[in-house]
Each structure stands twice: as structure tokens, then as C-alpha cells.
Amino acid sequence: MMLNSDTMELDLPPTHSETESGFSDCGGGAATDGAGPGCPGGGQARGSESGEPGRKDLQHLSREERRRRRRATAKYRTAHATRERIRVEAFNLAFAELRKLLPTLPPDKKLSKIEILRLAICYISYLNHVLDV
């Protein structure tokens with residue numbers, strides 16, 4: 001067993017059943033119209049005729065191209081959007097908590113994120129000055 005760093009897939013030796021049966025490239029002994037290139041009847045391997053990229057079709061692609069194709073799926077996009085939404089909500093919640101700790105007049109004044117950060121810096125330096133005196 002060997003891990004190929006370029007394809008990030010395991011290169012496994014053929015199993016006992018594959019070497020003895022002779023059907024490893026034929027799709028399990030299917031009819032000759034679905035036979036693989038090494039089988040009697042020639043043709044393509046199963047899965048290639050349906051338009052789906054098979055494992056062998058993806059091996060020649062670079063790592064970046066495989067990553068790009070994986071990220072183009074709807075399932076990946078929805079999962080990514082969900083993770084991003086959770087991240088942004090946590091970010092906004094942290095700013096809201098920080099905003100509650102800062103004194104302003106009026107107390108309910110709406111502040112931007114950069115204003116919150118600048119006010120926090122000023123407030124921390126004021127508190128340090130109070131402690132030093």
C-alpha cells in the first residue's frame with residue numbers, strides 16, 4: 001500500500017478476487033457492450049458512457065483542478081455558505097458584546113465596527129491611565 005502525494009489516493013495492490021477472476025476491468029462480467037478496454041469486446045469502462053467522470057478520468061487533473069471541481073458542487077456551496085453564515089453571526093455577536101461594555105452618550109447610539117474598535121482602544125487606554133494615577 002502506498003500513498004501517492006500527487007493524487008492523494010491509495011495505490012492498493014490488486015485483491016485476490018480481482019487477479020483470479022479476470023473481470024476487474026470488465027465491470028464484473030457485464031455484457032460486451034459495457035466491457036472495458038482490456039476485456040473481450042473492447043470499449044470503455046463502466047461509468048464513462050454515462051458522462052460521469054470516473055476515478056481514472058480525474059487522476060490526470062492537477063490537485064488545484066480537482067479541488068476546483070469539488071468546490072463547484074451544489075452540496076459544497078451550501079455547506080460553505082452555512083459555515084460562513086455561522087462565522088459572520090459569531091463575529092457580529094462578539095461586536096455586540098464589546099459594544100455593551102463601552103460607555104457612550106447616548107447609550108444606545110449605533111456605532112460601526114471600526115468605531116467600536118477605536119472606542120474600545122480609547123477606553124482601555126483611559127482605564128490604564130486611571131489605574132496608573
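Visitor: What does the accessible surface of the chain come to, and what share belongs to carbon and sulfur atoms?
Guide: Keep in mind that we're looking at a predicted model. The accessible surface of the chain comes to about 11000 Å². As for the share that belongs to carbon and sulfur atoms, that's 60%.

Visitor: In what order do the elements of the chain run from the N terminus on?
Guide: Start with the tally: the chain has 5 helices and 2 strands. Reading from the N terminus, the strands come before the helices, giving β-β-α-α-α-α-α.

Visitor: What percentage of the residues in the chain is buried?
Guide: To count as buried here, a residue needs under 20% relative accessible area. Out of the 133 residues in the chain, the buried share is 11%.

Visitor: How much of the contacts with a separation of 6 or more comes from residues 24 or more positions apart?
Guide: Take the contacts in the chain with a separation of 6 or more as your pool. Within that pool, pairs 24 or more positions apart account for 13%.

Visitor: Which residues make up the largest nonpolar core?
Guide: In soluble globular proteins, nonpolar side chains tend to be buried together. In this chain the largest such core holds 5 residues in all. One of them, L102, is in contact with I116 and A120 once neighbours within four places in sequence are set aside. The full core is F95, L102, L111, I116 and A120.

Visitor: Which residues does L102 contact, leaving aside its neighbours within four places in sequence?
Guide: L102 belongs to the largest nonpolar core, as do I116 and A120. With the sequence neighbours out of the way, the contacts of L102 are I116, L119, A120 and Y123.

Visitor: Is L127 buried, partly exposed or exposed?
Guide: L127 sits in helix α5, residues 113-132. Together with Y126 and V130, L127 makes a nonpolar surface patch of about 280 Å². The relative accessibility of L127 is 36%, so the label is partly exposed.

Visitor: How many salt bridges does a search of the whole structure find?
Guide: Side chains of opposite charge can pair when their charged atoms come close. One example is R87 with E84, at 2.8 Å from N to O. Another is K100 with E97, whose closest N and O atoms are 3.4 Å apart. A search of the whole structure gives a total of 4.

Visitor: Which residues are linked with E65 in a network of salt bridges?
Guide: E65 pairs with R69, their closest N and O atoms being 3.3 Å apart. Both lie in helix α3 (residues 63-71), 4 residues apart, which is about one turn of the helix. At 23% relative accessibility E65 is partly exposed, and R69 is partly exposed too, at 43%. The network links E65 with R68 and R69.

Visitor: Why are R87 and E84 separated by about one helical turn?
Guide: Their side chains meet in a salt bridge. R87 is partly exposed at 47% relative accessible area, and E84 is partly exposed at 32%. The pair sits about one helical turn apart because R87 and E84 are 3 residues apart in helix α4 (residues 74-101).

Visitor: Is K100 buried or exposed?
Guide: K100 forms a salt bridge with E97, and both lie in helix α4, 3 residues apart. E97 has a relative accessible area of 41%, so E97 counts as partly exposed. For K100 the relative accessible area is 63%, so K100 is exposed.

Notes. Residues numbered from 1 in each chain as written. Predicted model: local features only at pLDDT ≥ 70, side-chain atom pairs only at ≥ 80, totals over all residues. Heavy atoms only, no water. Core = buried A, V, L, I, M, F, W, Y, C linked by side-chain atoms within 4.5 Å. Buried < 20%, exposed > 50% of the residue type's maximum accessible area, 1.4 Å probe, protein only. Contact = heavy atoms within 4.5 Å. Patch = residues over 30% accessible without salt bridge, like charges linked within 9 Å, V, L, I, M, F, W, Y side chains within 5 Å. Areas by Shrake-Rupley, 256 points an atom, 1.4 Å probe, with all protein chains shown as cover.
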